[in-house]
Every structure is written in structure tokens, then in C-alpha cells.
Amino acid sequence: MSTAEQLKDLTEQKYRYGFVTEIEEDRIPKGLSEEIIRVISEKKGEPSFMLEWRLKAYRHWLTMQEPTWANVRYPKIDYQEVVYYSAPKQKRALGSMEEVDPELRKAFGKLGIPLEEQMRLAGVAVDAVFDSVSVATTYKKKLADLGIVFCSFSEAVREHPALVEKWLGSVVPYTDNFFATLNSAVFSDGSFVYVPKGVRCPMELSTYFRINAKDTGQFERTLIVADEDAYVSYLEGCTAPQRDENQLHAAVVELVALDGAQIKYSTVQNWYPGDAEGKGGIYNFVTKRGKAMARSKLSWTQVETGSAITWKYPSCILQGDDSVGEFYSVALTNHRQQADTGTKMIHIGKNTRSTIISKGISAGRGQNTYRGLVKMMKGATGARNYSQCDSLLIGDRCGAHTFPYIEVRNPTAKVEHEATTSKISEDQLFYCKQRGIPEEDAVSMIVNGFAKQVLKELPMEFAVEAQKLLGMSLEGSVG
Amino acid sequence: MNAAETSLVAAFAPPAREPAWLGEARRSALARFEALGLPTARHEDWRFTSLAALGALPFARAPAGDPAVASALLARGAAPEGPRLVFVNGRLAPELSTRGGLPQGVILSSLAEALREVPEKVRPHLGRLARPEAHAFTAANAALFEDGGFVLLPRGAAIDAPLALVFVTDAPPPAPLRGAEEIRGQAAAAPAAVHPRTLVVAEEGARGIVEEVFVGRGASLTNAVTELVLADGAKVEHVRLQVEGPDTFHVGAVHAEQGAEATLGAHAFSLGARLSRSELWSRLAGEGGEVRANGLYMADGARISDHFTWVEHAVPRCTTAQTFKGILDGTARGVFSGRIRVLPGAQKTVAHQLSSSLLLSDDAIADTKPQLEIFADDVKCGHGGTVGQLDEASLFYLRSRGVPEADAKSLLIWAFASEMVGLVGAPALRARAKNLIAARLPAGARILEAA
Amino acid sequence: MAKSGCRENALLRVEGLRARIAAGPRTSSAPRSGAGEGDGAEILKGVDLELCPGEIHAIMGPNGSGKSTLAGVLAGRDAYEVTGGTVTYAGKDLLGLVPEARAAAGVFLGFQYPVEIPGVGNLYFLRTALNAIRRARGEEDLDAMDFLSLAKEKMRLVELDPAFGSRSLNEGFSGGEKKRNEVFQMAVLEPRLAILDEIDSGLDIDALRIVAKGVNALRRPDRGILLVTHYKRLLEYVEPDRVHVMAGGRIVRSGGPELAEELERTGYAWVAGMPPEAAAAAAAAGGARR
């Protein structure tokens, strides 16, 4: 079979996480207004500073325009058609996993995330976000003993208002950009982590996001603060059921690494990408940013295989001297997926260092854009950046684009950038096939090899999942 | 409209004795310019280069230049001996030009002459590649150009001597620091605007070297547009040498189109002007075409030097090789943005892009934006870039061998820059470019002697 | 043409095989090497060959004679299009099978230019291949530990450093390392028919000796080996049962090991473009002149 035929063949792959869970939901009417925001805030029992902040954001949002600079195309979103709040109906607070709605637990099972299993085997504490409200937080006790706060955002607002008030918006202000501002106004829930001074979080903290309800925008907000010399590794996995309408997802993640702290943030994003004709799928418009103080380190690792449109630039503001920023990314677009993703490394402090490794894989009619900024500010004496952006094209109808921006304001800073574009060669495929490996496996193997530099940055249990995901997302596209 | 826009529109005065089609083109270009306005930093292609200072100036149509001044400027070594046409303030200066000795059929003439004598060779191409629709400066040039160069390399012609087009600007000195109101009140001191226009047509299999040199003094705007048409199998080297005075805004766009197996070597040396913008738009339209686009820019003081390239691979089996280098001192700003587009179906494309900048001072700025946009899978594309200062180890090595620091620095800068000169094919051009670069280095003279 | 007399039980029988470069854009580098002609030109113009179990045959010939094309066609490279003739392998039609099915059936091609695959571990690749072949045969996967001990044993055969296993497949390997890796893969995959395409090219004398040792160790009564080579050098270490000379897309002469000696003396010039009879006559004449 020719490459082209196989390519066509492989594009028929179905989304494996496409199912809808029937759970009673607590929804508010669609649309956006000050009234809706008050309702959201009230439902969540928020203190007044939170409501004020939301309203400021909303009023600012009204003055903003949706950005158009990204290399993605989609029909205009009607923000009045979106439902901004939806929560599984609960009669009382839940004490343990066993009390969680069996339907919901079954849903997690289908996702391949047996919650209990994971808790036992992997020692992962999971804060599962089902649609917008946190329903199960585990391992809280053990973490609490160390003084670590790991809870849903709503709970943090109630239980740790001082921490939230201090850090919320400190990295991504409510005025930041169209989607982040919208999130600031309407965010429903998310995760909150605080690791106190000198504490090393003993386990990977993990949250699975899932978008379930029809027409529900998901607006989570994550805030992670690592106090001086603290360490935390956070995993985020995302899936969404199959829906025909595009669903809006506008999340905000803020990381704060104080002096000497380290935060490792890993994402495997597998939201519904739409069907082969580009119908349906998630719009993933995400703002992720971290601030690094002296000697601290921020590390973003992402494997992006899902969503119809991905628009995200996990960034590092390297404010403190000797701070380090890292960005490791694999983005795969198949069928008619579009991704415009990359990072910003803003070097402010002396001797700050950053590394960017981006691997873009385009198949089918997918369009994959790396967009990144490396900025060496005036004070960034002795700063260093190394960027490598590689693209792999599978088939002749996809696109791979590389748009790095390099801005240097300090002569002692050193910036190096490399980019390559290639395809899987017939020679490589024939070599594998001659050794008995079927074409699809060969392609999956070669793609995983291409992405290895990034995959090895993922925590072990995630890496395996990510590898499978790459193969799966390519099924239907390869030759 | 700002002062510059208003004054440019006001300067519209199409020559009386011109073909009707050209007059029509000028009028529609002017309308386009009015609609577009000068680009601002909001324009993605201009995000690093502000035209605010230019926009505040009212420009007047350039007066007749002083031939003596022009001769003196030419004597500084930028302009070549050999076949050349010299234009002073946009108008042909026959007494400074040298023609003759060209092979049969090769034309080196002013555009105005060509429009009179060989209109059939001009009309199909003029304004075809440099379309006013999207670009304000190109629109202004199309509306306002007075004259420029025309080069025809007929089918199969091969000429080794560079054909030179020299554009001299003799403009009034800049107004001392005064409010814009006052400047407007004194028409005599208004900076001059010149819009040179060049068309180079290389027919099938023709081979030649075309050089454009820009020199000048005084406060001015040079807004040059060049169109290069390379038919199948043509081989053209185009060198752009910009050594304008420190009060000139220089905006130059080269638009090229190449047929099958055609090769273009496009070199841009931007050494002068207070603001220099050099654009190369190249379209590889025939299989097996090759474009080598190189640039060297040096800027000190508060100058801005901006290089912009856009290469489009429309068909299979074409090659792009780009190297751009910047040397920045003082509070100068250097910009490189280069886009390579590989359109659907342009398989077997090979395209590589390299940009490096050297920052010599604490306040110099480098902005780099290399871009690959790829819609075909069987391609080999890449780009690489570095920004940094002179290598500490090399500097120390030279000093430890007794070379004084200033000389050592000059030597290392020279080594960095001379690679770009080495890429130029014509020896006479190389020598001239070397001298001009060395003249900008503290210990340049000694280095040249040693080299 | 002399045949070696195992007609019923031949491991490989090639009859009147004709092939050309397949039409359409290709990215593969190999088909162009040696062909010297554009797409669509016939490279194999009627090849006849018979290999019995337990035998080693050498195929020699000048550049562009079609040796590598023959190897590629036998392994099922889709850059080539078969335009005529038959290939019977262990009594069955080989040409109808896709490359991986041929591999599962026991056909191994040692590549002249082993391919690099960044990020894919050497041993990981081999284990994937071995288990894919085992699955295709209805056998169980070999588990990681068993595979590792098997691999270690076979690595010793070609004197490969165990650290090799975790490096990316062929990436950054020297020419000799790549060829040793091919023989190592062959040793692990245990094919019935091994086609080694210029396994000796680019090797220094030590590497050549190691590769030859590996090949000799894999000689077995039920296994056939086809050595494609330009030089006689390899045949000093691996003694062939038969030697075939290819020129202009055909086998123009076959004989015993002594034919290699003769070629070494006379060179290939005499075979290029000549019909078999004339070539043989010319060779005889050439030999006589010495």
C-alpha cells in the first residue's frame, strides 16, 4: 500500500474518550452578565474580595477584543451562548471516594484513570475536576501534615483566603489578555497548591480535567505557590467527551516559585479534537505563566494531542537572579486540528537560563505552529537561552510553522536558536518494515523517537500514557 | 494623515510626457497609499521598527542636486568605476554616468529612456512584482518615482562586469532641533524625498551582475523599489550597497521572481542611514530555482537597521539559502525578520536561514524573527540564529598575543563581517565592500593592510 | 546457466525477474544509487537465480548493474515495481507479500546504508521487530528479560559493546558499527534467507573480519545467504558456494568461488553492456591475454 493510501486509512480513527456521563447537573442559564457573575460567586459562597475581583475583570473584558494574531481559524464565538457554570448536583459534602456518585466513578474508569488504583499504586494524590467543581480530593491528610495545601480552588478561597488574595493574579493579572480576563470573571473552579518553605512535596500532585456538560465552557483556574526552597511536581491530564458543538476552554494557570523553589508542571492534553472533517472539538485557549524568583526553577512539559484548536504559551518570567525556565513540548495535530503553541521566556534577572525544546508533529490536514518569544531584558547580564524547534510532517496536506521571536537588550546575554523540518522518510519506514514491524507501529515508533527528548521529561506514569496517546492520535493518519 | 503622508501625497505630479497606462498606475497607487498610510508598530512586519520620527517630517520633492557635491560623494569610494548610471536626487546625471562597452543587446539605461525606447520590454514587468496594494512605501514609489534604472540582459547574454546604478541624494542639512511647526514654516529646509525605481529583466539563460549603490547627505527619505525578473535559467547577482548619510531614512524593497533553474544571489549591505529598512520579496516560480539571500548590517549611534525577507517556494525543487549578520553598537537597533513559505506541492524544497547578531555595547538591541511556514512534507528546512557579544576567549587569546584590545575587537568584528563579503561573486565589488566595512572599524585600516 | 541441483527444495528461485523504479515522487535515496537512469527505466532485465538451503551465493558486479535493486526487490521495497518474472521463496510466491510479511516469513535484508532513527533505542527497535515477527507467526512475545539475555549473547558475536543497546538506532554510529549492527540484528532475528547488500562496504579490515565472523557463525544447513558485493575482499573471509556476475540487469555469468578470483584480475569493464555469451568470451580472451 502506498504512503498516501495508508495515510488515508489511518485518518478514520475514533476518539476513544467520547462518551457522555448522565449525572444530574446544577446549571445556570447561558450567557454572561454581572448578574451571572454574582450568581457564580454566590453559589460558591465566595468572600467579597473574590466577587470584586471577578467584576473588575468582567468590566475590563467588555473593553477588550478577541485576539486574531494566532495562526488559527475558527468561526466567531458567541460568548452569550456559553453556559458559564455547571456542577454535578451534590446534597452534601463528600467524605471519601466511596461517596462519589458511581456514575462519575465509572466515567473515570472509562478514562483509564482508576482513581483508587492510582492512589494505591502510584502514590498520586488526585484532585479530580469533573466539569467545574472539585468532587474528590485525596491524600489531603498526608499533605496537610507537611503543611502542604492541595485543594480545589473554591475550597482554597474559603479556607485560605489570605493566600489566595495574596497570589491570585500576581502572575497573570485580570487584565492580561482576552481569554485570561474572561477566565478571571467567570472561573468556576480549579486547583490550588501551596508548599511551605523548605518542604519537598513527597508525591506527584495530579488533577484530571474533563469537560462533560453540553455547551459548558470550562474555565478553571490553577494557582501553585512554592515557598522558598520548596519543591512540587504537578500533573494535569485532560480529556473531554465527544460533542458536536465546539466547546470553549479558557483556563489560567499561575505558578509562583519563590527563592530557591522548584515547580515542575506537566500536562497531557487529550481533549476531543473534532472529527476527521473538523466538526466539533474543544477550543483550548489557555494562559499559563510562572514567575521565578532568585535561584528558582520553573519547568513546563506538555504533550498536546487533543483539542480542535490549541492556543497556549506556557511562559516563564525569570525575575530572580540565577533562575531557570524550561519548556518541553510535543504538539500533535491530525485531521483538521490547529495548534498555535510555544512559550515566552522573559529574562529579567542576572544569569537566568532557559531551554526550549519543541517538537511539532503535523498529520492529515493539521496545522501546527510554534510561536515563541525569548526576551533578554536590559538587566539580564550573563543570561542564556537555547531553543530547538523541530517539526515532523506526515503527509503532504498538513502544515508546520515556526515563528520564534528573539529580542535581546543585553550584550552579555547569549541566545541560540535552531529549527528543523523533516518528514518520516521512506527509507526509515522500509527499514522498519523489513525488520517485520507493521507500518502503523513503525510510524508510531518513529514519532515517539522524535518526541523522546520531551517525553523523558514527564513523570514515569505520565510518559507511558503520553506515548500511547501519540500513537493513538496518529492512527488514521500515517504512512 | 501625518506630516510625512500629507507631504508625499501633496508631491504627486505625474510627468506630462508619459504613457497613459503609467499615469493610470500612478494615480491608483497614490489612492492606495492614501488608504494604507505609513505602517505603524501594530503592523506585524514593522513591530520592531518605529516610523514615528519619519512620520513627523514633511518631505519636499527633491531639488536639483549639485553635481559638484554629487562628484564629491562619489569620490568617497562607494561607487564603482566601469559601466554605471548615476542619478542625482532621482534624476539621471549623464555627465557622471559611463555607458558603452556593453555587449550587443544588453541595455543599461534610465527607466525614462527605456519607457520611450523599449516600452514593450518595460510595460509587462513594471509594477507586476512590486504591487502597491499591500505596501505603503511601494505604493508611494509607484505614484511618485521620477526615474531609475533599467537593465535588460537579453536571452543567453553573459556579462562579467557589474552594471551599476548609483543613486546620490543631495539634500538640505537637517533642521536644527526645533518644533515641527517651525519646520513646516520653512519650506526651503524641508527634507527631500526621492523614490528611485529599478527594473532588471534577465531573459532565458542570461547571466549578469547588477549593483545598486545609495549614497547621500542631508535630511532625506530614499524610498527605492527594485524589480528583478529572472526568466528560466537566468543567473543574476544583485548587490545593494547602502551607505547613505546619517540623516536619511532609507526604505528599499527588492521584489524578485525566478523561473525554472534560475539563480539569484541577492546581497544587501546596509551600512548607512539613520533608519534603514531593506526588504527582499522573492518568489520561486519555476522548478529548480535557487535564491541566495545575504545581508550585512552595521549600525551605531541611535540608528535602526531592519532587514526583512519573504521567500515563497511555489513549485518543487527550489533552494533558499539565507545568511544575515548584524553588528550593533551604541544604542542602535538591528532587526532581522525572515520568512520562508513553502506552498502546497512545493516538494523537495531545501531552505535554510541563518541570522546572527553581534552586540558591541550595553545598549544595543537585536530583534530577530526567523519564520518558517511549511505546507509540503518532503522538504528540508531549517533556521538557526545566535545573538551575543564578541567571544571572550578569542578576544583574550588575541590580547595575550599582544594585540591591543581595540585592534583585537576590530579584528574579530572584521572576521564576523567579512564572511558576508566573501559571498559576493564579483571581485571588484568585494574589494569595495571590504573597504567600506573596514572604514567603520576603529582599527580597520590596519586590518585591511594585514589582510 | 549452471544450476546447483536442488530444484524441488530451492529456498529461493528467481525466474526472469524484471523491475523498474516505481513512478511517482519518492524520497528514498537508495533507488537512485547506481541506477543512473530516470524513473521508469528498467533496471532488472530478466534475472534468474536459484539458492538452495545451506548455500551462500555471492552476487558481484559493477556499479549500476542492478545488484542492490535485486536485493531491494526481494525484500519488497515499494520504490521498485516488478514488471515481469517470478520469485519463489520456500515454495511460495514472494512477490505478493508486503515487506513486513516477508520479514515474518524469514527474509532478512542487510542494508547497504542502514537507516538512522533518532530517539528510538537500538534494542527497543530490535525487540519490537522480533516480537512483531513472532506475533505474525502466532508465537508469544519474548519478555524483556529473555530478550535481553538473547541480545547480549548475540552482541558478543559481532563484538558490539552492550552500551550500544540504549543508543538511538544507527544514529551517530560509524560505518563499521552500522554494519555490525546489521549482522547483530540478523543473528537475533534468525532469518531463513539473508540478503546482505554490500555488508562489506566502508569497513576497515578489523570490522570486515568481525562481520565475516558473524556471517560464518550464522551459516546453517537450512539457511541461505545472498551476499551482494562489489569486491572479492569479503569472499576471502566468507567462502561462497556460487558466484554470480551481474551486469546490465542480468546475471551474465555464474560459477564457483574461482570466478571471484577471475573478476579480481580482469575487473568489470568487460561485462558492462555485453550479452552473456560475448561477455564470457571476452572474459576468456581477457584472461588469456594476461
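## A tour of chains A, B and C

Begin in chain C of this predicted model by selecting Arg20(C) together with Glu81(C), which is the bridge partner of Arg20(C) and lies in β4(C). Widening the selection to the two strands brings up β1(C) and β4(C), the latter covering residues 80-89, and shows them paired in the antiparallel sense over eight bridges.

Next, stay on β1(C), which spans residues 12-21, and add β2(C), for these two strands also pair in the antiparallel sense, here over seven bridges. Two positions along this pairing are worth picking out: Arg13(C) stands opposite Glu50(C) in β2(C), and Leu17(C) stands opposite Val47(C) in β2(C). As you step along a strand, keep in mind that in a regular strand the side chains alternate between the two faces of the sheet.

Now show the sheet as a whole, which is an open one of four strands in the order β2-β1-β4-β5 in chain C, with antiparallel pairing. Its edges are β2, residues 42-51, and β5, residues 92-93, both of chain C, and each of these pairs on one side only.

From here, move to chain B and display its C-alpha atoms, which fill a box of roughly 70 × 55 × 45 Å when taken along the principal axes. Colouring chain B by secondary structure should bring out twelve helices and 21 strands. The radius of gyration of chain B is 21 Å, close to the 22 Å that the globule rule gives for 451 residues, so chain B is as compact as a globular protein of that length.

The last stop is the interface of chain A and chain B, where you can select the 31 residues of chain A and the 36 residues of chain B that take part in the contact. The area buried between the two chains is about 2,600 Å², and carbon and sulfur atoms give 49% of this area.

For a charged pair within this interface, select Lys423(A) and Asp377(B), which form a salt bridge whose closest N and O atoms are 3.9 Å apart; across the interface of chain A and chain B, the rule finds three salt bridges. Between these chains there are also 15 residue pairs in polar contact, counted where both residues are at pLDDT 80 or more. On the side of chain A that touches chain B, the elements giving two or more residues are β23 (399-408) and β24 (414-423) of chain A, and the residues of that side divide into twelve nonpolar, eleven polar and eight charged.

To finish, select β23(A) with β20 of chain B, residues 365-374, since this pair of strands runs antiparallel and is joined by six bridges. Centre the view on Thr402(A), and opposite this residue, in β20(B), you will find Leu372(B).

Definitions and conventions: Residues numbered from 1 in each chain as written. Chains lettered and ligands numbered in written order. Heavy atoms only, no water. Contact = heavy atoms within 4.5 Å. Buried area = accessible area lost by both parts, 1.4 Å probe. Salt bridge = Lys/Arg side-chain N within 4 Å of Asp/Glu carboxyl O. Polar contact = N/O pair within 3.5 Å; in protein donor to acceptor, adjacent residues only side chain to side chain. Nonpolar A, V, L, I, M, F, W, Y, C, P; charged D, E, K, R; others polar. Pairing = 2+ DSSP bridges. Rg over C-alpha atoms; globule rule 2.2 N^0.38 Å.
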